[in-house]
Amino acid sequence: MAKQLPTHARVVVIGGGVVGCSIAYHLTKLGWKEVVLLERKKLTSGTTWHAAGLIGQLRATLNMTRLAQYTAGLYAGLEEETGQATGWKQRGSIAIATTAARFEELLRGASMAKTFGLEVHEIGPGEIKRHWPLLEVSDVVGGVFLPKDGQTNPVDTTVALAKGAAMRGAQIFEEMKVDAIRSERGRAIGVATERGEIKAEHVVIATGMWSRALGRSCGVNIPLQACEHFYVVTEDFPELTPTLPVLRDPDHCAYFKEDAGKLLFGAFEPKAKPWAIDGIPKGFEFGELAEDFDHFQPILEAAMRRLPSLERIGIRKFFNGPESFTPDVRYMLGEAPELPGLFVAAGFNSTGIQSAGGAGKVLAEWIVGGHPPMDLWDVDIRRMQPFQGNKRYLAERVSESLGLLYAMHWPYRQYETARNVRLTPLYERLKGQGACFGETAGWERANWFAPAGREPKYEYSYGRQNWFAHAAAEHKAVREAVALFDQSSFAKFLVEGRDAEAVLQRISANDVAVEPGRIVYTQWLNERGGIEADLTVTRLSETRYMVVTATATGVRDFHWLRRHIAADAHAFATDVTSAYAMLSVMGPHSRALLAELSGEDLSNAAFPFGTSREIEIGHARLRAARITYVGELGWELYVPSEFAVHLFDRIVAAGGAFGLRLAGMHAMDSCRMEKAYRSWGHDISDEDTPLEAGLAFAVKLDKNLDFIGREALLRARERKTTKRLVQFALRDPEPLLYHNEPVYRDGGIVGRTTSGAYGHHLGRAVALGYVHDEDGIDAAYVESGSFEIEVAGRRFAARASLTPMYDPKGTRIRS
Ligand SMILES: Cc1cc2nc3c(=O)[nH]c(=O)nc-3n(C[C@H](O)[C@H](O)[C@H](O)COP(=O)(O)OP(=O)(O)OC[C@H]3O[C@@H](n4cnc5c(N)ncnc54)[C@H](O)[C@@H]3O)c2cc1C
């Protein structure tokens with residue numbers, strides 16, 4: 001270990017757990033030398049030392065799986081590289097299902113794994129028993145076997161990563177607590193310790209459950225909270241063989257592994273116990289928490305039913321240790337939006353050992369390259385909302401998050417804790433009308449409406465859920481009459497000042513130097529041509545613009561905007577999301593309804609598509625924008641929040657005569673899928689260009705106007721497009737698509753779906769998805785192929801199209 005604390009470093013990594021050590025390892029692997037890692041106590045002394053060491057590779061999404069796959073490969077070779085034993089063993093893993101729904105979930109996961117070559121086998125109870133002879137399988141429906149999964153010794157693996165980093169020049173200091181993160185002119189510039197200060201170009205917080213407090217000390221939001229996390233180690237268990245794969249029994253919240261002749265089994269119980277809500281006790285190191293036998297007992301009883309011979313074996317160790325959990329059970333990675341130069345890797349939700357390799361690699365690449373090396377939105381810290389740092393919110397939410405690791409991952413599953421926190425002004429009105437709410441970025445949004453006499457409550461399944469028919473009726477109203485959506489949660493920014501046009505012109509791929517009153521659909525691109533944001537920019541006046549973007553990307557997009565306003569520019573951005581409600585009135589009867597309410601001429605001549613202006617309804621003045629996300633004639637109405645209820649009441653009172661129906665987000669999603677409207681974070685991301693995403697029509701490439709990403713797009717235009725977003729519709733009206741299903745063309749896998757929904761007008765499941773072909777993809781390629789989509793192991797024929805299957809010419813929106 002190094003002794004003399006340097007005064008300068010390129011990167012200071014704070015935290016010597018598996019994550020911090022992996023980041024230091026990968027930074028040095030990329031050739032960076034002045035890397036310093038500071039650990040307040042001893043390496044691994046936080047959470048890492050007591051992890052069970054399971055390395056599973058199949059994760060919820062493609063990119064997370066790719067990272068876990070990388071981790072397994074890294075650990076397998078670490079001993080040879082560093083000379084430090086890691087305890088890595090590749091014995092595979094089995095997940096079992098005791099219900100048909102769980103089996104479908106496993107098979108859908110296995111299908112997804114095919115798109116990137118992860119080996120997964122479907123196995124029946126007999127084969128499961130052959131792998132684990134002691135197992136009671138009478139209730140088992142089936143399972144999946146991943147032969148390449150492994151397990152490792154977390155302490156030794158961390159030490160090996162630290163050794164690898166040190167071998168390439170990193171300096172590692174134990175007993176070196178960081179007391180403060182220094183910043184200057186809004187940028188992190190180093191750290192302070194009791195033995196002195198280190199100036200650094202980049203600082204990384206990898207301090208596990210300490211991260212929330214450390215982040216808050218420098219104004220950075222890192223919403224995580226520690227929970228108690230349990231496992232048990234038995235006395236010697238002679239019937240266990242050392243080659244047993246890891247076993248997961250998610251229906252009974254438990255995992256099992258052979259551990260040096262003993263059995264280790266742990267729990268992901270449905271209601272967890274948050275720990276140290278007011279702060280981690282001072283001096284906590286290699287800490288264990290008190291046993292809680294009552295809490296663990298249901299898991300133990302289920303384990304004994306699964307492994308009857310367990311009844312004869314004594315328990316040697318009842319372990320309880322803290323681990324940090326996040327509100328959405330995904331970790332947080334990336335540059336903090338509040339403080340450039342400060343990076344975060346924390347909140348690993350009991351998957352830190354299996355995630356550390358991949359997370360360390362991509363964070364190091366992010367630091368060195370200046371941008372995420374791949375689409376990391378699943379774990380990007382910019383998805384977090386400021387309110388989520390609230391400790392009472394966190395304590396309540398993480399008591400649910402821990403159990404979600406093994407709970408059924410139902411489509412459309414909603415959180416049950418810490419709800420009704422962020423409400424639009426229309427919440428009570430919608431509730432009174434039977435709304436069933438879902439949560440996005442903390443906002444309660446009406447997802448669907450239950451008719452009178454029906455409870456607005458989800459009944460989950462992989463098939464048609466209980467709201468299917470209600471969403472279908474809402475969809476029909478959008479297509480044939482008129483529907484009202486509450487889109488108040490959509491993020492809204494004002495950009496004002498003499499340079500507002502110049503700022504937005506530079507970051508927008510489309511031309512925003514338009515007449516006041518025009519709405520421009522545009523992407524914001526990065527230098528690589530990837531899509532950072534997908535939104536509308538409305539010019540309000542010479543010096544004022546309004547930007548509207550999705551609820552989930554508000555924090556991210558606002559920071560992108562702010563970062564691209566030069567210090568000397570006369571342009572000011574304000575997040576006005578809460579100031580304005582947004583009601584959208586969509587459908588062929590919307591013109592008649594709004595014309596009656598406003599007394600205005602809303603004809604095509606007077607109010608063309610893509611324009612916006614003030615109108616009056618009731619006693620409110622509001623901004624009406626003729627634009628749509630559902631593919632119909634319609635207006636979005638932006639109104640000061642305090643007038644929202646008044647406006648809503650007027651629309652609803654007049655709406656009956658026009659066939660008005662309240663509609664929710666599920667109907668909106670189904671409509672936008674039919675029209676092939678893209679959703680950022682699903683169908684488009686920072687690694688997809690508008691050319692690949694089929695959005696070239698919204699790019700000012702031929703206008704000789706400069707904008708971020710232009711050069712990259714000009715270069716890309718010269719090459720063949722080898723990746724292209726395509727719309728699909730299953731020929732069989734029965735199966736449902738969600739996302740991540742493999743796409744086949746002429747029998748071979750060419751891609752995967754990025755989002756899916758049932759298209760009620762088209763009468764079948766619709767999806768968007770990327771297809772890849774090195775020889776290039778054009779309309780002829782799509783039209784001449786025979787496409788199939790795989791759902792839970794079965795392939796279904798699909799129609800594919802580059803133009804929207806619903807209203808391809810856009811006549812309805814311009815009608
Ligand atoms: C019972 C249990 C079983 C688990 N099993 C598994 C498993 O099978 N597979 C798996 O993948 N994951 C598992 N995990 C999760 C895994 O252990 C964690 O996700 C992982 O260890 C987190 O690593 P980390 O580096 O983020 O945090 P930590 O290991 O906590 O490291 C953070 C470090 O930062 C240091 N630090 C804090 N503040 C400062 C400061 N101001 N200055 C300097 N240093 C500071 C701390 O001392 C600590 O050493 C398990 C967890 C538990 C509790």
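Glu104 has a relative accessibility of 25%, so in this predicted model the residue counts as partly exposed, since that value falls between the 20% limit for buried and the 50% limit for exposed. Its partner is Arg108, which forms a salt bridge with Glu104 in which the closest N and O atoms are 2.9 Å apart. Both residues lie in helix α3, which covers residues 100–114, and they are four residues apart, about one turn of the helix. Arg108 counts as buried, because its relative accessibility is 14%.

Let me stay with helix α3 for a moment. Lys114 also belongs to helix α3, and its side chain meets that of Glu790 in a salt bridge of 2.8 Å, N to O. Glu790 lies in strand β36, residues 787–791, so this pair ties together parts that are 676 residues apart in sequence. Is each partner buried or exposed? Glu790, at 2% relative accessibility, counts as buried, whereas Lys114, at 41%, counts as partly exposed.

These pairs belong to a longer list, as a search of the whole structure finds 54 salt bridges, and Asp380, Arg382, Glu532, Arg556 and Asp686 are linked in a network of them.

Now to the ligand, which is surrounded by 36 residues, with Glu39, Thr48, Leu54, Glu323 and Gln354 being the closest. The residues of this shell divide into 15 nonpolar, 17 polar and four charged. A backbone N or O atom of Val178 lies 2.9 Å from a nitrogen atom of the ligand, and the protein covers 98% of the 1,000 Å² of accessible area that the ligand has on its own.

Notes: Residues numbered from 1 in each chain as written. Predicted model: local features only at pLDDT ≥ 70, side-chain atom pairs only at ≥ 80, totals over all residues. Heavy atoms only, no water. Near = heavy atom within 4 Å. Polar contact = N/O pair within 3.5 Å; in protein donor to acceptor, adjacent residues only side chain to side chain. Areas by Shrake-Rupley, 256 points an atom, 1.4 Å probe, with all protein chains shown as cover. Nonpolar A, V, L, I, M, F, W, Y, C, P; charged D, E, K, R; others polar. Salt bridge = Lys/Arg side-chain N within 4 Å of Asp/Glu carboxyl O. Helix = DSSP H or I, 4+ residues; strand = E, 2+ residues; numbered from the N terminus. Buried < 20%, exposed > 50% of the residue type's maximum accessible area, 1.4 Å probe, protein only.
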